[in-house]
Amino acid sequence: MNIKNVTYFLFRTLCGWRHFCLFCSLSLILFLPSCISEGEFADDPVGNFEALWTIMDERYCFFDYKDIDWDEVYQRYRSRIAKNMTDEELFGVLADMLAELKDGHVNLTSSFDMARYWKWFEEYPINFKEEIVNKYYLQQPDYQIAGGMKYRILANTNIGYIYYESFSSAVGESNLDQILAAFSSCDGIIIDVRNNGGGLLTTVNQIASRFITEDKICGYIRHKTGPAHDAFSDFYEIKLKTAPSDRIHYLKPVAVLTNRGCYSATNNFVSVMKELPQVKIIGDYTGGGSGLPVSSELPNGWSVRFSASPIYNENKEDTEFGVAPDIFVDMLDDLDRDAIIEKAKEWIVSGAE
């Protein structure tokens, strides 16, 4: 995909047609080829280290927010680079350096490995057991599937339940109509996005649009305007447009269930839904991941992906470290119940106060 198409895709994903010219002008710095020419860095361990450090130094967006001294990181890791080190040894040092960013959107990819940072969820309680959900709530195989969403009315209740495991799974408008029609007489809906690692922001907006009847600002985005760590554009609105009037909307209580496995686009979905009056976020903090990622390349052909544009909630607050639940619940050790689902049921039955 060329630079023009990348800019168009990201614009359509985030902002709709409004501010198109403004977005394009702001995107030139971010999406045109880096001002670092390939000739500046040799294709050897030192050159690849310098290229990676410089790409991140000039284009990564969370240095100040995370209080990271990138110059100090340079000094520590440069001393580990040797001219005669193997590709595997170099990869290990570069991967360790990138881990200093504590960012699940940061990856270094070679032909033999992909560096990744997963502590954003590995060091926290899981707060989700798929086998319990399947057996006692979805009552596998007694549930329906539409566009990647598993759904049913929970046994002995008048509450609709949706489990959605990836925002990369396409959901059609007719899928949403069918699901919401099936739940139209329910007292409320539970949308379970635990362990949903993200996907497409367009899908986030598509689903969230069914729970509003008027367009609203749902967040903001900023772009790097230069190599300095604090060089950013102004805040630009991200607008959530309500679904067309001939589509089914749902305005009764909605509980969105979360855990640390909610990342990237899912983190954004939770941030958007949290601001709707009929919605409660129930469970644990999400995993975060609010930076829009882009990719670049080192002299040796290795690819690096990183957060380049911060996305904020509607209050201009950063959600890189996660979104707090309205009602915090830790999973218990019960073998036949899910404490987070049970709390959501209780909230809906109680009148969603």
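Student: What makes helix 11 part of the picture around strand 9 in this predicted model?

Tutor: In this predicted model, helix 11 (residues 265-274) lies across strand 6, strand 9 and strand 10, and its direction runs at about 150° to that of strand 9.

Student: Why is strand 6 called largely enclosed?

Tutor: A residue counts as buried when its relative accessible area is under 20%, and five of the five residues of strand 6 are buried, so the strand is largely enclosed by the rest of the structure. Both of its faces are covered, with G188, I190 and D192 buried on one side and I189 and I191 buried on the other.

Student: How do you know that strand 5 and strand 6 pair?

Tutor: Pairing asks for at least two bridges between two strands, and strand 5 is joined to strand 6 by five bridges, with the two strands running parallel. One position to look at is I159, whose bridge partner in strand 6 is G188. Between these two strands the chain passes through helix 9 (residues 173-182), and this β-α-β crossover is right-handed.

Student: What makes strand 9 a partner of strand 6 as well?

Tutor: The cut-off of at least two bridges applies here too, and four bridges join strand 6 to strand 9, again in parallel. Within this pairing, I189 stands opposite V254 of strand 9.

Student: Why are strand 3 and strand 13 called edge strands?

Tutor: The open sheet has seven strands in the order 3-4-5-6-9-10-13, and its pairing is mixed. Strand 3 and strand 13 each pair on one side only, and they are therefore the edge strands. Strand 3 pairs with strand 4 (residues 149-153) in the antiparallel sense over three bridges, and I145 stands opposite K150 in strand 4.

Student: What does helix 12 pack against?

Tutor: The buried residues of helix 12 (residues 339-349) are A339, I340, I341, A344, K345, W347 and I348. These residues pack against helix 8 (130-137) and against several strands, including strand 5 (159-164), strand 6 (188-192) and strand 9 (254-258).

Student: How do you know that D338 caps the N-terminal end of helix 12?

Tutor: A polar contact needs N or O atoms within 3.5 Å, and a side-chain oxygen of D338 lies 3.0 Å from the backbone nitrogen of I340, so D338 is described as capping that end. After helix 12 comes G351, whose phi is positive, near 105°.

Student: Why is D67 called exposed, and K102 partly exposed?

Tutor: Exposed means over 50% relative accessible area, and partly exposed covers the range between 20% and 50%. D67 has 71% relative accessibility and therefore counts as exposed, whereas K102 has 49% and therefore counts as partly exposed. D67 is found in the loop between helix 4 (63-66) and helix 5 (70-78), and its phi is positive, near 55°, although D67 is a residue other than glycine. K102, in the loop between helix 6 (87-99) and strand 1 (107-109), is not a glycine either and has a positive phi of about 50°.

Student: Which peptide bond is cis, and where is P141 found?

Tutor: The peptide bond from Q140 to P141 is cis, with omega near 5°, and P141 is found in the loop between helix 8 and strand 3 (144-146).

Student: How do you know which stretch to read with care?

Tutor: The mean pLDDT of the protein is 90, and 88% of its residues reach 70 or more, but over residues 1-38 the pLDDT is below 50. Where pLDDT is low, the predicted coordinates should not be read in detail.

Technical notes: Residues are numbered from 1 along each chain as its sequence is written. This is a predicted model: local features need pLDDT of at least 70, side-chain atom pairs count only at pLDDT 80 or more; totals for chains, interfaces and linings use all residues. Side-chain values use heavy atoms; hydrogens and water are left out. Buried means under 20% relative accessible area, exposed over 50%, partly exposed in between (1.4 Å probe, protein chains only). Contact means heavy atoms within 4.5 Å. A polar contact is a pair of N or O atoms within 3.5 Å; within protein, one must be able to donate a hydrogen and the other to accept it, and residues adjacent in sequence count only if both atoms are side-chain atoms. pLDDT is the predictor's confidence in each residue, from 0 to 100. A crossover is right-handed if, with the strands pointing away from the viewer, the path from the first strand over the helix to the second runs clockwise. Axes are lines fitted to C-alpha atoms, for helices over the stretch in contact, and angles run from 0 to 180 degrees between N-to-C directions.
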